[in-house]
Amino acid sequence: MQLLDGKLISSQIKSEIKAEVEKWIADGGKKPHLAAVLVGQDGASETYVASKIRSCEEIGFTSTLLRFGPEISEESLLDAVESLNNDPDVDGFIVQLPLPKHISENTIMEAVNPAKDVDGFHPVNVGKMCKGLPSYISATPFGIIEMLIRAGIETSGKHCVVIGRSQIVGLPMSILMQRNEYPGNCTVTITHSKTHNLKEICQTADILIAALGRPEFVTADYVKEGAVVIDVGISRVADASKKSGFAIKGDVNFNDVAPKTSYITPVPGGVGLMTICGLLTNTFKAAKKEIY
Ligand code: GUN
């Protein structure tokens, strides 16, 4: 079993982007600028956004954080999105999800100018990705693809099973894994809460991507000997022994599953750390006007 080390790979990618940004700026380019919109006080969202802002500073980007209370109306949030769309200094921005229930996430995502949609959530970017056109690939799928590439994992002709059909992970991941390019060319099965015989289907996976959001759901009996297992879960589970009062758990029971695998991502220290690299890569592309 080999560990796909998100800490190591993400720090390598950040160093690479940092060096490219230095060169871009030395050649007269503008410092890339990412803005993040945070609504409410969700603990996990606070942590993720803080980490995105910190990473921007580390690699030489400008960053701006816009905070709004949980009671903000959809209309006011749309106004904030429009201001960012029209701000020539902001190259790209994200609206951290989830949003409060009274706000439609789809309405907000569709209001973002696709050229500044560095999360890759806008239907135009999703459509471009489906057609294999240059687009912003959203953060988690980017992170997984990059891990497969850097570990040199063979994907062509393999059976890839994705557990979970979310718009931000399961669905785009399944599209990317079937593309006619590396890493891709897989036969993909996308599964979800209504799938019959889930365990039996997972047992046939050469590459198993668990993105269902249920802590330690995948146990050794779901996994074929020698499979590649990618764990996208990041659940907070109460744990009195931790200072924070919670532990972070993946969707895979790591200790049970790891001995059967050829490669596996740990949680924490796996896919989660890689996602920020996707966002930084997209923001740099936006600053360079590489896609739009
Ligand atoms: N919430 C969980 N993951 C993400 C992400 O990649 N982007 C945004 N905007 N919100 C999220």
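**Exercise 1. Describe the span 4–119 in this predicted model: how much is helix, how much is strand, and how far apart are the end C-alpha atoms?**

Solution.
- Step 1: Take the secondary structure. Residues 4–119 are 50% helix and 16% strand.
- Step 2: Take the ends. The end C-alpha atoms of this span are 23 Å apart.
- Step 3: Attach the annotation. An unreviewed UniProt entry covers residues 4–119 with "domain: Tetrahydrofolate dehydrogenase/cyclohydrolase catalytic".

**Exercise 2. Describe the span 138–290 in the same terms.**

Solution.
- Step 1: The span is 31% helix and 18% strand.
- Step 2: Its end C-alpha atoms lie 16 Å apart.
- Step 3: For residues 138–290, the unreviewed UniProt entry lists "domain: Tetrahydrofolate dehydrogenase/cyclohydrolase NAD(P)-binding".

**Exercise 3. Which residue ranges does the domain assignment give, and what distance separates the domain centres?**

Solution.
- Step 1: Domain 1 runs over 30–113.
- Step 2: Domain 2 runs over 139–272.
- Step 3: Over C-alpha atoms, the centres of domain 1 and domain 2 are separated by 27 Å.

**Exercise 4. How are H1 and H2 oriented to each other?**

Solution.
- Step 1: Locate the helices. H1 holds residues 6–26 and H2 holds residues 43–59.
- Step 2: Read the geometry. Their axes come within 9 Å and cross at roughly 50°.
- Step 3: Classify. The roughly perpendicular class takes 65 to 115 degrees, and roughly parallel needs an angle under 35. H1 and H2 are therefore oblique to each other.
- Step 4: List the contact. H1 supplies Lys 14, Ile 17, Lys 18 and Val 21. H2 supplies Ser 55, Glu 58 and Ile 59.
- Step 5: Sort by class. The contact of H1 with H2 has three nonpolar, one polar and three charged residues.

**Exercise 5. Repeat the analysis for H6 and H10.**

Solution.
- Step 1: H6 spans residues 139–151, and H10 spans residues 271–287.
- Step 2: The two axes come within 7 Å and cross at roughly 110°.
- Step 3: That value falls in the 65 to 115 window. H6 and H10 are therefore roughly perpendicular to each other.
- Step 4: From H6, the contact uses Ala 139, Thr 140, Phe 142, Gly 143, Ile 144, Glu 146 and Met 147. From H10, it uses Val 271, Met 274, Thr 275, Cys 277, Gly 278, Leu 279 and Thr 281.
- Step 5: The classes are eight nonpolar, five polar and one charged.

**Exercise 6. Which residues surround the ligand, and how do they divide by class?**

Solution.
- Step 1: Name the shell. It holds Ile 94, Val 95, Gln 96, Leu 97, Asp 119, Ala 139, Ile 168 and Thr 275.
- Step 2: Sort it. Five are nonpolar, two polar and one charged.
- Step 3: Cross-check with the helix pair. Ala 139 of H6 and Thr 275 of H10 also take part in the contact of those helices.

**Exercise 7. Where do the cis peptide bonds from Tyr 182 and Val 267 lie, and which phi value does Asn 185 have?**

Solution.
- Step 1: The bond from Tyr 182 to Pro 183 is cis, with omega near -5°. Pro 183 sits in the loop between H7 (170–178) and S6 (187–191).
- Step 2: Asn 185 lies in the loop between H7 and S6. Its phi is near 55°, a positive value in a residue other than glycine.
- Step 3: The bond from Val 267 to Pro 268 is cis, with omega near -5°. Pro 268 is in the loop between S11 (263–264) and H10.

Notes:
Residues are numbered from 1 along each chain as its sequence is written. This is a predicted model: local features need pLDDT of at least 70, side-chain atom pairs count only at pLDDT 80 or more; totals for chains, interfaces and linings use all residues. Domain bounds come from an automatic or database domain assignment. UniProt positions are given in the numbering used here, feature names are shortened, and annotations may be inferred rather than shown by experiment. Helices (H or I, at least four residues) and strands (E, at least two) are DSSP runs, numbered from the N terminus. A residue is near a molecule or strand if its C-beta atom, placed from the backbone, lies within 6 Å of it. Ala, Val, Leu, Ile, Met, Phe, Trp, Tyr, Cys and Pro count as nonpolar, Asp, Glu, Lys and Arg as charged, and the others, Gly among them, as polar. Axes are lines fitted to C-alpha atoms, for helices over the stretch in contact, and angles run from 0 to 180 degrees between N-to-C directions. Angles under 35 degrees count as roughly parallel, over 145 as roughly antiparallel, 65 to 115 as roughly perpendicular and the rest as oblique. Two residues are in contact if their C-beta atoms, placed from the backbone, lie within 7 Å.
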